[in-house]
Amino acid sequence: MKRAFGYVRVSSLGQADADRDGIPRQKSAIRKWAAANGVRIVRWFEDSVSGKKDLDNRPALQGLMAALHGNGVTLVVIEKLDRLARDLMIQESIIADLQRNGFEIVSVTEPDLCSNDPTRKLMRQILGAFSEYEATMIALKLRGARQRAAAKNPNYREGRKPFGARPGEQETIARIRELRTHGQTLSAIVATLTSENRKPRAGDRWYEKQIARILTRAN
């Protein structure tokens, strides 16, 4: 039986037991889905805060993210997307972050969570563009730091440059992040890069551990 975390949210403490969006009703819907799909909810995370708040103001959601990286559970189940967040940008940011790290999220009332709905697709593309811009800016800052170090110290020698420092490698990193955002596994990303004739720095083929290392460094 697959293990999962359940996430529920109400807008205020006074709403926690209300019928409309209350925690008991959300948990009931999640348990029903889990029983029908061979899933066991091993831990619940509960927020009592507005869905318009960002991640910094969502203690249970922060705890959920930390737990996902800590004990092998990779599935998160929610009742519906507005329990995750009411703001579309925050929704897509959270979903993209989960998928980029190899985690899965299921909304029991919205099975088309990752569909190609035009608005959701546009949001994912915007987030992908932000990620690519961020990766490029990091590379430029590192290059500038190396140049300043070399100018101050004539004996300065660079160590082995990580993947992304050489021409064309940032485009490959952006492609890897894009594939991860769309939910591809590490092995699927390896297959896609091979089919697109994108080569690693050394050798003729990619390995899953290389992809994982690049994704970790990019985050």
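Which residues line the largest cavity? They are Tyr7, Leu61, Leu64, Met65, Val76, Ile78, Leu84, Ile94, Leu98 and Ile105.

A quick word on the model: it is predicted, with local features needing pLDDT of at least 70 and side-chain atom pairs pLDDT 80 or more, while totals for chains, interfaces and linings use all residues. Residues are numbered from 1 along each chain as its sequence is written, and side-chain values use heavy atoms, leaving out hydrogens and water.

A cavity here is a set of points on a 1 Å grid over the protein atoms alone where a 1.4 Å probe fits but cannot get out, and lining residues have an atom within 4 Å of a point. Points join across faces, edges and corners, and the volume is the space filled by probe spheres set on them. The count is 1 cavity of 30 Å³ or more, and the largest has a volume of about 30 Å³.

Three elements give two or more residues each to that lining; helices (H or I, at least four residues) and strands (E, at least two) are DSSP runs numbered from the N terminus.

| Element | Residues |
|---|---|
| helix 2 | 59–68 |
| strand 3 | 75–78 |
| helix 4 | 88–100 |

Helix 2 gives the most, with 3 residues. By class, the lining has 10 nonpolar, no polar and no charged residues (Ala, Val, Leu, Ile, Met, Phe, Trp, Tyr, Cys and Pro are nonpolar; Asp, Glu, Lys and Arg are charged; the others, Gly among them, are polar).

Helix 2 and helix 4 also touch: Leu61, Met65 and Leu68 in helix 2 meet Ile94, Asp97 and Leu98 in helix 4, with contact meaning heavy atoms within 4.5 Å.

Conventions. 1 Å grid on protein atoms, 1.4 Å probe; cavity = no way out; pocket = protein on both sides within 12 Å on 5 of 7 lines; lining within 4 Å.
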